[in-house]
Amino acid sequence: MGDINLRVDRLESESSIRRLVAEYCHGADKRDIDRFLSVWTPDAVWQMSADVSFRGKDAIERVVRAQWRAFAQYVHWTTNVSLVVSGDTADGECDVAVLVRLHNGRWIRSGGTYRDRYRRLDGTWFIAHRDASIGFDIDLPAEASEVPERFDSL
């Protein structure tokens, strides 16, 4: 059965990390910068593609604010959260469905997979690295003329 304290810690850790996954979406979708930034470690990396990533909360804040300007609205749903906790670090994977409304009113359905690394600092879990590079579009992706600002090269 294992040590009960270790088992309880693992369950509490998994619960806390699942909440991070949700808070990321709530912060982004509701455009709540404090809520969004609260899930990241100070030195976190947000990987958008194989060659585009943003390091640190200042860079992450710049890119999410650029996304908010680029898109009129978006909504995320995460599911299939799978976690492996090992002490003060954890690895996770979850799938995401995203609806994006462009400023011209057109909606785009897309989705993907987040591959994450989490870290516990002073008893609190955070996202240390989020790889959001595995994605797909169900609808035709946005044309450059439909997006007023680029956010992948900030």
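**Note on the predicted model**

1. The cysteine C94 has a relative accessible area of 1% and is therefore buried. The structure discussed in this note is a predicted model.

2. The structure contains zero disulfides. C94 takes part in none, and the nearest cysteine sulfur to its own is that of C25, 7.3 Å away. A disulfide requires the two sulfur atoms to lie within 2.5 Å, so a separation of 7.3 Å between C25 and C94 does not qualify. C25 is likewise buried, because its relative accessibility is 5%.

3. What is the strand order of the open sheet? Its six strands are arranged as 2-1-6-5-4-3, and the pairing is mixed. Strand 2 (52–55) and strand 3 (73–86) form the edges, each pairing on one side only. From one strand to the next, the twist averages 15 degrees.

4. Strand 5 (residues 107–121) and strand 6 (residues 124–137) run antiparallel and are joined by 11 bridges. Within this pairing, G112 stands opposite G135 of strand 6. Strands of a sheet pair through backbone hydrogen bonds, in either a parallel or an antiparallel manner.

5. Helix 1 (residues 4–29) packs on the sheet and touches strand 1 (40–49), strand 3, strand 4 (89–101), strand 5 and strand 6. The direction of helix 1 makes about 165 degrees with that of strand 3. Helix 3 (residues 57–70) also packs on the sheet, where it touches strand 1, strand 2 and strand 3. The direction of helix 3 makes about 50 degrees with that of strand 1.

6. The length of helix 1 can be checked against expectation. At 1.5 Å a residue, its 26 residues should span 38 Å, and the end C-alpha atoms are 38 Å apart, so the two values agree. The buried residues of helix 1 include I17, L20, V21, Y24 and C25, and also the acidic residues E14, E23 and D29. Just after the helix, R31 adopts a positive phi of about 55 degrees.

7. The largest nonpolar core comprises 38 residues. Y24, F36, W40, W46, Y74 and Y118 have the most contacts inside it. Of these, Y24 is also listed among the buried residues of helix 1.

8. Which residues are in contact with W46, leaving aside its neighbours within four places in sequence? They are Y24, F36, W40, V52, S53, F54, I60, V63, V64, Q67, R130 and A132. Three of these partners, Y24, F36 and W40, also appear among the core residues with the most contacts.

9. I33 lies in helix 2 (residues 33–37). Is this residue buried or exposed? I33 counts as buried, because its relative accessible area is 14% and the cut-off is under 20%. Beyond its neighbours within four places in sequence, I33 is in contact with E61, V64, R65 and W68. The C-alpha atoms of I33 and E61 are separated by 7.5 Å, although these residues are 28 residues apart along the chain.

10. G135, in strand 6, offers a contrasting case. With a relative accessibility of 56%, G135 counts as exposed, since the cut-off for that class is over 50%. Leaving aside its neighbours within four places in sequence, G135 is in contact with G111 and G112. The C-alpha atoms of G135 and A66 are separated by 19 Å, and the two residues are 69 residues apart along the chain.

Terms used: Residues numbered from 1 in each chain as written. Predicted model: local features only at pLDDT ≥ 70, side-chain atom pairs only at ≥ 80, totals over all residues. Heavy atoms only, no water. Core = buried A, V, L, I, M, F, W, Y, C linked by side-chain atoms within 4.5 Å. Buried < 20%, exposed > 50% of the residue type's maximum accessible area, 1.4 Å probe, protein only. Contact = heavy atoms within 4.5 Å. Pairing = 2+ DSSP bridges. Helix = DSSP H or I, 4+ residues; strand = E, 2+ residues; numbered from the N terminus. Axes fitted to C-alpha atoms, helices over the stretch in contact; angles between N-to-C directions. Expected span 1.5 Å × (residues − 1).
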